[in-house]
Amino acid sequence: MNHKAMQKLSYGLFVLSVKTGGKDNACIINTVTQVTSKPNCIVLAVNKANYTHDLLMQSGKFTASVISENADFSLFKRFGFTSGKDTNKFAEFSGVKRTQNGTLAVTEGTCAYLSGKIVHNVDMGTHTLFIAEVTEAEIFSETPPATYAYYHQQIKPKPEKIGETSDGKTIWRCTICGYEYVGEELPEDFICPLCKHPASDFEKIIK
Ligand code: FE
């Protein structure tokens, strides 16, 4: 089986925001899909390792902002590569709008948002599938939404391959977020501490 075939599926990119106990938090997900139009239902897949996952379980309300092609890499760093457990991801970030259900839509580097309430969830092991009814939706701009492939080709900084030196250290770089692991061998069960992707998404770089 060629697992790279999975990368040929097309995905969007979304800032998923929640509010629980007076605190706003958000993460980036790549799975938001409309399931039915009457009622307007969508499905979201969220990794349980994300703090936002637990907050969404509690509150049952969210806004998914659709990331667009003009998004800066800093948006991904802010919402995707830090944990809301120790930081306020919205600190010093003004590109937001409070939606009717009390959660924040991100208005910079995005083209639309959908607010919703969870009506059902399905435990999928590492992830939970949340099925939700859309309660509010708006368009910010006509800039096309960014696909996951577009992010890899155009937004993510290109890793430089530096070449091999006799006394060089071996570095494994996460191809998703750029996190670097130093060590001769990358453990097979390694999970990127920033973006939670597995060892198979790392590439070996020699410095
Ligand atoms: Fe990563």
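A nonpolar core is a set of buried Ala, Val, Leu, Ile, Met, Phe, Trp, Tyr and Cys residues joined through side-chain atoms within 4.5 Å. Buried means under 20% relative accessible area, exposed means over 50%, and partly exposed covers the range in between, with a 1.4 Å probe and protein chains only.

This is a predicted model, in which local features need pLDDT of at least 70 and side-chain atom pairs count only at pLDDT 80 or more, while totals for chains, interfaces and linings use all residues. Residues are numbered from 1 along each chain as its sequence is written, and side-chain values use heavy atoms, with hydrogens and water left out.

**Domains and cores**

The chain is assigned domain 1 (3-153) and domain 2 (159-207). Such bounds come from an automatic or database domain assignment. The C-alpha centres of domain 1 and domain 2 lie 27 Å apart. Ten residues from domain 1 and eight residues from domain 2 make the contact. Contact here means heavy atoms within 4.5 Å.

The largest nonpolar core has 29 residues. Val15, Ile67, Leu75, Phe76, Phe79 and Tyr151 touch the most other members. At least two residues of this core come from each of β2 (23-29), α2 (73-80), β7 (104-106), α3 (148-155) and β10. Helices (H or I, at least four residues) and strands (E, at least two) are DSSP runs, numbered from the N terminus. Helix α2 gives the most to this core, with four residues. Where does this core lie with respect to domain 1 and domain 2? Both domains give residues to this core, so it lies between them.

A second, separate core holds 20 residues, including Cys27, Leu55, Ala64 and Ala112. In soluble globular proteins, nonpolar side chains tend to be buried together.

Leu75 shows the wiring of the larger set. Leaving aside neighbours within four places in sequence, Leu75 is in contact with Val15, Ile28, Ile67, Gly80, Phe93, Val106, Glu108 and Gly109.

**Strand β10**

Thr170 is found in strand β10 (residues 170-174). Thr170 is buried, at 7% relative accessible area. Its side chain makes a polar contact of 2.9 Å with the side chain of Glu184. A polar contact is a pair of N or O atoms within 3.5 Å; within protein, one must be able to donate a hydrogen and the other to accept it, and residues adjacent in sequence count only if both atoms are side-chain atoms.

Trp172 is found in strand β10 as well. Trp172 is buried, with 14% relative accessible area. Beyond four places in sequence, its contacts include Tyr179, Tyr181, Leu186, Phe202 and Lys204. A polar atom of the Trp172 side chain lies 2.9 Å from the backbone oxygen of Gly183. The backbone oxygen of Glu184 lies 3.4 Å from a polar atom of that Trp172 side chain. The C-alpha atoms of Trp172 and Glu185 are separated by 8.5 Å, at 13 residues apart along the chain.

**Aromatic pairs and cysteines**

Rings of Phe, Tyr and Trp (its six-membered ring) pair if their centres lie within 6.5 Å; planes under 30 degrees apart count as stacked, over 60 as edge-to-face and the rest as tilted. The count comes to nine aromatic pairs. Phe190 and Phe202 form an edge-to-face pair, 5.5 Å centre to centre with 85° between the planes. Phe190 lies in the loop between β11 (180-182) and β12 (202-206) and Phe202 in strand β12, so the pair ties together parts that are twelve residues apart in sequence. Phe190 is buried at 16%, and Phe202 is buried at 9%. Tyr11, Phe76, Tyr148 and Tyr151 form one aromatic cluster.

How many disulfides does the whole structure hold? The search finds zero. A disulfide is a pair of cysteine sulfur atoms within 2.5 Å. Cys177 is buried at 8% relative accessibility, and Cys195 is buried at 14%.

**Loops and backbone**

Three loop residues are set out here.

| Residue | Loop | Relative accessible area |
|---|---|---|
| Glu92 | between α2 and β6 | 83%, exposed |
| Ser94 | between α2 and β6 (96-98) | 64%, exposed |
| Lys196 | between β11 and β12 | 24%, partly exposed |

Phi of Glu92 is near 50°, a positive value in a residue other than glycine. Phi of Lys196 is near 70°, also positive in a residue other than glycine. The C-alpha atoms of Ser94 and Glu108 are separated by 8.7 Å, at 14 residues apart along the chain.

A cis peptide bond joins Lys38 and Pro39, with omega about -5°. Pro39 sits in the loop between β3 (32-36) and β4 (41-47).
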